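Trainee: Got a minute to walk through this one with me? I'd like to start with the overall picture and then get into side chains.
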Amino acid sequence: NVVGEDFKKQFIVTTRQGIVLHQVKSAAAFHSFLPEVAVRGMVEIAKDQVLIANQGTGRYLLDVSTRRVKEIDITYCQNTGTRLFPAENGAHWSTSGGALVKFNPLTQDCERTETGLDKVSKFAFLNADTVLLQTNEALHIFSFSSKTSTPFMHQGEVFKASGYIHDFKIT
């Protein structure tokens with residue numbers, strides 16, 4: 001199964017014998033960064049610029065062209081989530097407590113949108129105005145235009161998973 005392919009012509013294949021990563025342009029294409037950091041999320045925010053989130057509150061900026069990593073300060077934004085989604089002009093979305101946070105490490109712009117929920121752990125955009133949110137208790141639908149969260153309903157009842165939701169993806 002081919003899991004992903006990106007603009008750099010590399011691909012990852014999963015097999016019964018493990019995972020194979022191949023970069024078409026170079027036979028010696030493996031590079032390691034931040035070996036002591038538990039990386040939990042990353043998103044490309046500009047050409048050759050990758051924002052990296054660690055398990056704690058640290059954020060790093062990787063310049064792919066120079067292969068340099070620098071730690072960046074995001075404390076003024078109170079951005080603590082490790083799930084990152086790209087937005088326009090180098091910004092990204094993440095979470096902080098019950099808020100969705102739009103943050104741009106290149107310009108240091110920060111915009112917080114409170115969802116009315118205690119803690120959002122995961123999220124996925126359904127469209128530009130609507131986001132599916134996960135809390136410890138359930139899934140919710142949040143609307144930016146009305147600034148309201150409502151429980152996600154399935155067959156007329158509030159949807160609750162029978163265990164912890166590790167991840168979800170909207171297709």
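Trainee: So how many helices and strands does the protein chain have?
Mentor: Zero helices and 17 strands. Helices (H or I, at least four residues) and strands (E, at least two) are DSSP runs, numbered from the N terminus. Keep in mind that this is a predicted model: local features need pLDDT of at least 70 and side-chain atom pairs pLDDT 80 or more, while totals for chains, interfaces and linings use all residues. Residues are numbered from 1 along each chain as its sequence is written, and side-chain values use heavy atoms, with hydrogens and water left out.

Trainee: What share of the residues is buried?
Mentor: 37% of the 171 residues in the protein chain. Buried is under 20% relative accessible area, exposed is over 50%, and partly exposed is in between (1.4 Å probe, protein chains only).

Trainee: OK, sheets. What is the strand order in the open sheet of four strands?
Mentor: The order is 12-13-14-15, with antiparallel pairing. Two strands pair if DSSP finds at least two bridges between them.

Trainee: Which strands stand at the edges?
Mentor: Strand 12 (122-125) and strand 15 (148-151). Each has a single partner strand, so one side of each is left without a neighbour in the sheet. From one strand to the next, the twist averages 25°, with axes being lines fitted to C-alpha atoms (for helices over the stretch in contact) and angles running from 0 to 180 degrees between N-to-C directions.

Trainee: And how many bridges join strand 12 and strand 13?
Mentor: Four, in the antiparallel sense, with strand 13 covering residues 130-134. K122 sits opposite Q134 there.

Trainee: Switching to the hairpin of strand 10 and strand 11: which residue takes a positive phi?
Mentor: Q108, near 60°, in a hairpin with four residues between the strands. Strand 10 (residues 99-104) and strand 11 (residues 109-114) are antiparallel, paired over six bridges. A99 stands opposite E114.

Trainee: E114, does that one come up again? What does its side chain meet in a salt bridge?
Mentor: R112, at 3.2 Å, N to O. The rule is a side-chain nitrogen of Lys or Arg within 4 Å of a carboxyl oxygen of Asp or Glu. E114 is partly exposed at 47% relative accessibility, and R112 is partly exposed too, at 33%.

Trainee: How many salt bridges does the rule give?
Mentor: Three. One of them joins K102 and E88 at 2.2 Å, N to O. K102 lies in strand 10 and E88 in the loop between strand 8 (85-86) and strand 9, so the pair ties together parts 14 residues apart in sequence.

Trainee: Is K102 buried or exposed?
Mentor: Buried, at 16% relative accessible area, whereas E88 is partly exposed at 45%. There's also D48 with K47, at 3.7 Å, N to O: D48 is buried at 14% and K47 is exposed at 70%.

Trainee: Now aromatics. How many aromatic pairs are there?
Mentor: Eight. Rings of Phe, Tyr and Trp (its six-membered ring) pair if their centres lie within 6.5 Å; planes under 30 degrees apart are stacked, over 60 edge-to-face, and the rest tilted. W93 and F144 make a tilted pair, 5.4 Å centre to centre with 50° between the planes. W93 is in strand 9 (residues 92-96) and F144 in the loop between strand 14 (139-143) and strand 15, 51 residues apart.

Trainee: Are those two buried or exposed?
Mentor: Both are buried. They also belong to one aromatic cluster with F85, F123, F125 and F142.
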